[in-house]
Amino acid sequence: MTNITDLIRKSQKIILSTHRQCDGDGLGAELSLYYALRKIKKDVRIINVDSTPRKYRFLGTDKIIALFQNNPAMDLAADLCLIFDTNDERLLEPLYSGLKKHVSQIVFIDHHPLLQKGPQPGSSSFIDTSAASTGELAYRMIKDLGIELDSEIARALYTSITFDTQLYRYIRNSPESHLIAAELLKYEIHPQEVHRALFGNQTVQKMAFLAKALGQIEYFCHGQLAVLRLSDADLISHNMEPDEARDVIDMIMNIETLEAAVIFREDAENEYKLSIRSKSKLEVLSIAESFGGGGHTHASGAFIKGTYIELKDRIVKDLTKKISQIT
Ligand SMILES: [Mn+2]
């Protein structure tokens, strides 16, 4: 930690970024540091790989964030780059290769476990898997830098923490998320607007999509495992953004009998974004890793290729075995 704040103090030109298909956590964390570092007169920019999902636009992201996909020739020169909410450089490609050429030091700030197989973050990285969100790490960095909070920083941090804990549901047995949130609420952050933007953003079209999708769930292991495929055609015809598929899996996980759920989101023919969720004692990170992905113990994912039937059979087999070991 001191290590990382020292690096920030010594650097003038700083780039902030997060993983592709960004979520509220990475986005809130990078925005909070953006506002904070501007207060101490750093030359700071946010450059993300791809576009910001619409539900986060209330944060004014369009004005602040530069998108590498819109301008792959953009200037990437900097003293330091801080990457939030992942420690897997592959999730920033092709931006990461450019950063490696033009930035003196690249550091990951993250709460995901390191990959068993796959790229490792540099030694200066700040990884704390006990944190319930990357926003909490961003908060600690801002405090350590001695930067005073204000409403912009607080709103970004609050978004990050509230999103990743899913309204304080996943707090990892620690009071930390609530304690930080309580402090952030002292600034004028309009929490109910944040909650509405993050969790009350369903559209009529999306409800129609959900009605169709939820009717197609397949159950295995006596109702303990749910598998669902979201087709590309359905996603497009209902005007769904890629990140909205995760709402579907979170919804499915509310089924009481379930130990695990899997979603295959079709991105192109025979190409899927795999998402796996589990409860209590069931670990699903190793399955995502076996497909070249990563994530958390209970929420993992990977970008995979193959025919749906074969991929599904393999995952159902793996998960059935894991479920039988815990029950
Ligand atoms: Mn996160």
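Select residues 260-278 to begin at the hairpin that strands S9 and S10 form with two residues between them, where asparagine 270 in the turn has a positive phi of about 60°; strands here are DSSP E runs of at least two residues and helices are H or I runs of at least four, both numbered from the N terminus. This is a predicted model, in which local features need pLDDT of at least 70 and side-chain atom pairs count only at pLDDT 80 or more, while totals for chains, interfaces and linings use all residues. Residues are numbered from 1 along each chain as its sequence is written.

Stay with the hairpin and display its backbone: S9 (residues 260-268) runs parallel to strand S8 (residues 225-230), to which six bridges join it, and antiparallel to S10 (residues 271-278), with eight bridges; two strands count as paired if DSSP finds at least two bridges between them. To check the register, pick leucine 230, whose bridge partner in S9 is arginine 265, and then alanine 260, which stands opposite serine 278 in S10.

Next, colour the chain by domain, with domain 1 at 2-199 and domain 2 at 204-326, bounds that come from an automatic or database domain assignment. The C-alpha centres of domain 1 and domain 2 lie 26 Å apart, and the contact takes 12 residues from domain 1 and nine residues from domain 2, where contact requires C-beta atoms, placed from the backbone, within 7 Å.

Now turn to the interior and select Ile14, Leu33, Cys81, Leu82 and Leu157, the residues with the most contacts inside the largest nonpolar core, which has 56 residues. A nonpolar core is a set of buried Ala, Val, Leu, Ile, Met, Phe, Trp, Tyr and Cys residues joined through C-beta atoms within 7 Å; buried means that 20 or more other C-beta atoms lie within 10 Å of a residue's own, exposed that 12 or fewer do, and partly exposed in between. Helix H2 (residues 24-39) gives the most to this core, with eight residues. Apart from that core lies another, of 28 residues, among them Ala260, Ile276, Phe291 and Leu319. Return to isoleucine 14 and show its surroundings: leaving out residues up to four places away in sequence, isoleucine 14 touches Ile8, Leu37, Lys42, Asp43, Val44, Ala78, Asp79, Leu80 and Leu82.

Finally, zoom out to the whole protein chain, which has 13 helices and 12 strands, and whose C-alpha trace spans about 55 × 40 × 40 Å along its principal axes. Of its 327 residues, 42% count as buried.

Key:
Contact = placed C-beta atoms within 7 Å.
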